[in-house]
Amino acid sequence: MNAEIGHFALILAFAVAIFQMVVPMIGAQKGWSGWIDSARPAALAQFGLIAISFVALTMAFVSSDFSVRLVYENSHTAKPLIYKISGVWGNHEGSMLLWVLILALFGAAAAVFDANLPPSLRARVLGVQASVGAAFLGFILFTSNPFLRLDNPPFDGRDLNPLLQDPGLAFHPPFLYLGYVGLSMAFSFAVAALIEGRVDAAWARWVRPWTLAAWVFLTIGIALGSWWAYYELGWGGFWFWDPVENASFMPWLVAAALLHSAIVVEKREVLKSWTILLAIMAFGFSLIGTFIVRSGIITSVHSFANDPERGVFILAILAFFVGGALLLFTFRAGSMQAKGVFAPVSREGALVLNNILLAVAAFVVFIGTVWPLIAELAWDRKLSVGTPFFEKAFTPFMVALAIVLPLGAILPWKRGKLMRALRPLRGALAFAGAVMVLVFAVSTGRSGLAVIGAGLGSWLIAGAATDLWLRTGKSGLSRLLRLPRADWGKAIAHGGLGVTFIGISLLMAWQVEDIRVARLGESFTVGSYQITLEGIEERPGPNYDSIFATMTVARNGKQVAQLYPEKRVYPVQAMPTTEAAIQNGIFRDIYLVIGDEQQNGGWAVRSYIKPFANWIWLGCALMALGGFVSLSDRRYRVAAGARRTAAAPQPAE
Amino acid sequence: MRALILILSLFLALPALAVQPDEVLDDPALETRAREISKILRCPVCQGETIDESNAPISRDLRLYLRERLVAGDSDAEVVEAVTERFGEYVLFEPPARGANWLLYLAGPLAALLALFAGWRFIRSRDLAEDRPAALSDEEKARLERIMRD
C-alpha cells in the first residue's frame, strides 16, 4: 500500500509542478495577482507531495518490503538500519527521487524565505524552478519509477553494494545533490531576470546566498567523497580525475566563479550579463554531470546504447533548459548595461581575472572529460584521458589563481595601486618564502611540487590573515570581532584553500609506501616507524565476515599506535572490501592495509606514511565553514526589513 | 551492478590490494620506474583504474610483464610502446599528442588566451568609460529630473 501511496503522491507532484510552471508565469506576465500568488502554495504542495513519496520509499526500505523491486535489488534484511536508509538513494531510481525532493525543497525554501522579493520576480523564479521539477518528475515517472512491484516477492534482497555500506558514502550523495540542485536556484533567478529584463544589485543580493549555499554543500559533498575514497579504497588515493568526479568538480568551479562575479554585480553593477551566463552554466554543468552519471555515456558508449531511453531523456532535458536559457540570454543580454567603471588594477579587475581562471579551469576539466567521447564519435579512436593529463593541464590555472588571490583580495574597488597593495603583504610574502626554504631543506628528491605547493598554500593563508588584519584598521583587535561576517567568511574560505593546497602537495610529494609479506610477530621499518604484525583472527560482522589484523606501530622503541586493519567479505554479493586502519595525526597519517594470506606463510601488508593528508579535508571544511559564516552576514539577514519599509509608501494602483 | 556502483558512488575503483608483494623488484630504482609506468597505464577491462590500482588479473599480468621488460633492459618509453602496441592507445591515460589530440592539449591554453583577451577588452572598455564626459541620454535626463523632483 505504501508504495502505491508514494507513486500516487509523485504523480500529484508532477501535476502540481506543471501548474506551478504555467499559472504563476502567466500571472506575472499579465499582472494578475491571484495567479502570481498561487506560486507559493504550489511550491509548498509540490515539496510536501514529493516528501510523502520519499518517505513511502524509505519505509519500504526500512521494513524490507521485497515486493518492491527496487528494495529487492538494493537491500537485505541483515543490513544495518542506517544502510537500509542510505540504500534509498544508493541506486538510480531512488537517487533521482532524492534529486527532485531537494529541487522542490529549494523551491519551497525560496517561497518561504524570500518574502521580500517582488511578487512577479518570485512567481517567475518559482515557475522556472517548477519547470525543472516537472521535467525530472516526468523522467522518474516515465523511465525510472522506483515503486514498481514484483509479482512474486522473494524471501530476501540482493543487498547494497558493500562499498556503499559506509558512513562517509551514506551522506555523500545528499550533500552533493544539495549542491548540484541548489544551483538550480541560481538558474531560476537568472532565467527569471532575463524574462523580466532587469538585473541590478538587489538581484545579485538575492541570488548570491543561494549560490553560496549550493557551493558550500557541493564542497562538503566532494570532500566527503574524496575522504571516503581515501580510507575505503585501500591505498589512500583521494582524487582520480574520473568522469564521475569531474562531473561534480565542474559545477563547483563554475559556482565558485559565480560567487565572485555576483559580488561585483552587487557592489558595482558590472559583469551583469556574464553573471547571468555563469548562473546558467553552473546549473548546466550540474545537468551535464547528472547526464554523465545517469547515462554512463562517458564510461562506455556501449552502456549508453544498451539503455538509451534514460540517457536521451536527460539529454533532452539538458538541451531544452540550457539551450532555451542561452537563447533567451542572446536576446536579452544586450539590455543589461554595466554601470560602474573601474581601472584595470582594482578589485573588479582582480575578480574578472578570478573568473577567467576558474572558468577556463572548468573548461579544461570539461574538455578532458568529454574528449574520449568526441574522439570515438569523430575519429573512431578509442582513447583515455586521465590523471597525467589533468595534472598538467589543470594545475597551472590553480597556481596562477593562488598567486594573484591574496593580492586581489585586498585591492581597493575602482582603482588600486599594485605596489601599494603589495606593501601590507610583505609579511605574507616573507612567510611563504620562509616556508618554501624550510620545505626545500627537509625534502629529498622530487621536491618541486612540495616547495611550490607549500609556498602557495602559506601565501594564501598568510594573505587571508593580512586581509583580516587590514580590515581592522587602526583600532586593532577590538574591531576584529566586530567585522562583518562576510569578511570573516572570505578570510576563512581563502585560508582553507591554502590549507588544501598544502595538504595535496605535501601528501603527493612526501608519501612513503611499503609493500611486503609480513609474518606474525615480525617487525619491519617504514619511514621512521617500526611496524609489527601482532595477530590475525577471523571475526563475523552483522552482514559480513572479517579477517581482523592487530598491528602495532612504534617510533624509537616507543609504541605510537595499535591498529586493526580488516579485510571483509560480504557473502550476499560475494565481494571483498578492505578496511584500512588509519592513525590520524596533524602532520601525518599512518595507513595500514592487510591483504591476502600468502602460500608460503605470512600476509600481504601495505603500509603508508601519508604526510599532511588531513589538511586536504581540513581545508575543505574551512572553505565550507567560510561559506556558512559569509551566509550568515548581516546584509542577508536584515535586507528583508529594509526593503519592506522602502516599498511601503508606494501608492496603491 | 557495476553501472549502479558508478551511478552512485562517484568513485569506481574496487577495493584493491593492487601491487602484490611477490611482484616487487629487488632493485629499488627499477621498481620505482615500474611503479611510475604502471600509474599511467589504464587497466583494459576496468572502469577508469590504472593497472597500479587495479585488482584485475590482466593488470597483474601487465605489471609483471612491464617489470620483465625493465629487467631485460628496456627503456620506459619502449615498455609503454610495447603495451600500447598490444592494447591500443586506450591504455594510455595521457593520450599521445598526435593527430586530433593536439586540439585537446591546445584547448586549455587557447581558451585561456581568448578569455584573457576578452577580459582585457572588457576591462579597457570600463576604464575608458571613466574618462568619457558623462553625456546623458534623453531618457536618462528625464529620469534624473523625475528623481530630483521627488
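What pLDDT does chain A average, and what share of the residues score at least 70? Chain A averages a pLDDT of 85, and 94% of the residues score at least 70. The model is a predicted one, and it scores ipTM 0.78 and pTM 0.87.

## Confidence along the chains

Among the elements of chain A, the lowest mean pLDDT, 48, belongs to helix H13 (residues 301-306), whereas H22(A) has the highest, 92. The pLDDT is below 50 over residues 300-305 of chain A, and this stretch has 8 contacts in the model beyond near neighbours in sequence. A further stretch of chain A, residues 640-653, also stays under 50 in pLDDT. For residues 640-653 of chain A the model has 4 contacts beyond four places in sequence.

For chain B, the mean pLDDT is 77, and 82% of its residues reach 70 or more. Residues 1-16 of chain B stay under 50 in pLDDT, and for them the model has 57 contacts beyond four places in sequence.

## Contact between chain A and chain B

The contact between the chains draws 65 residues from chain A and 47 residues from chain B. On the side of chain A that touches chain B, helix H15 (residues 347-379) of chain A gives the most, with 12 residues. That side of chain A consists, by class, of 37 nonpolar, 19 polar and 9 charged residues.

## Domains of chain A

Chain A is divided into four parts: domain 1 spans 1-160, domain 2 spans 172-415, domain 3 combines 416-511 with 615-622, and domain 4 spans 512-613. The centres of domain 3 and domain 4 of chain A, taken over C-alpha atoms, are separated by 35 Å. In the contact of these two domains, 8 residues of domain 3 of chain A meet 8 residues of domain 4 of chain A.

Two elements give two or more residues to the side of domain 3 of chain A that touches domain 4 of chain A, namely helix H21 (485-510) and helix H22 (613-631) of chain A. H21(A) gives the most to this side, with 5 residues. By class, the side of domain 3 of chain A that touches domain 4 of chain A has 6 nonpolar and 2 polar residues, and no charged residues.

## Helix packing in chain A

Two packed helices are described by the angle between their axes and the distance between the axes. The table gives these values for three helix pairs of chain A.

| Helix pair | Axes come within | Crossing angle | Handedness |
|---|---|---|---|
| H7(A) (residues 119-143) and H9(A) | 8 Å | roughly 125° | right-handed |
| H9(A) (residues 172-196) and H11(A) (residues 243-268) | 11 Å | roughly 45° | left-handed |
| H10(A) (residues 201-232) and H11(A) | 9 Å | roughly 155° | left-handed |

Helix H9 of chain A appears in two of these pairs. With H7(A), the axes cross at roughly 125°, and H7(A) and H9(A) are therefore oblique to each other. From H7(A), the residues A:Leu121, A:Arg124, A:Val125, A:Val128, A:Gln129 and A:Val132 take part in the contact. Their counterparts in H9(A) are A:Ser184, A:Ser188, A:Phe189, A:Val191, A:Ala192, A:Ile195 and A:Glu196. The residues of this contact of H7(A) with H9(A) divide into 8 nonpolar, 3 polar and 2 charged.

With H11(A), the axis of H9(A) makes a crossing of roughly 45°, and H9(A) and H11(A) are therefore oblique to each other. Here A:Leu176, A:Tyr180, A:Leu183 and A:Ala186 in H9(A) meet A:Ser248, A:Pro251, A:Ala255 and A:Leu258 in H11(A). The residues of the contact of H9(A) with H11(A) comprise 7 nonpolar, 1 polar and no charged.

Helix H11 of chain A also packs with helix H10 of chain A, their axes crossing at roughly 155°. Angles over 145 degrees count as roughly antiparallel, and H10(A) and H11(A) are therefore roughly antiparallel to each other. By class, the contact of H10(A) with H11(A) has 17 nonpolar, 4 polar and 3 charged residues.

Note on methods. Residues are numbered from 1 along each chain as its sequence is written. Chains are lettered from A and ligands numbered from 1 in the order in which they are written. This is a predicted model: local features need pLDDT of at least 70, side-chain atom pairs count only at pLDDT 80 or more; totals for chains, interfaces and linings use all residues. Two residues are in contact if their C-beta atoms, placed from the backbone, lie within 7 Å. Helices (H or I, at least four residues) and strands (E, at least two) are DSSP runs, numbered from the N terminus. Ala, Val, Leu, Ile, Met, Phe, Trp, Tyr, Cys and Pro count as nonpolar, Asp, Glu, Lys and Arg as charged, and the others, Gly among them, as polar. Axes are lines fitted to C-alpha atoms, for helices over the stretch in contact, and angles run from 0 to 180 degrees between N-to-C directions. Angles under 35 degrees count as roughly parallel, over 145 as roughly antiparallel, 65 to 115 as roughly perpendicular and the rest as oblique. A crossing is left-handed if the near helix is turned anticlockwise from the far one by less than a right angle, and right-handed if clockwise. pLDDT is the predictor's confidence in each residue, from 0 to 100. Domain bounds come from an automatic or database domain assignment.
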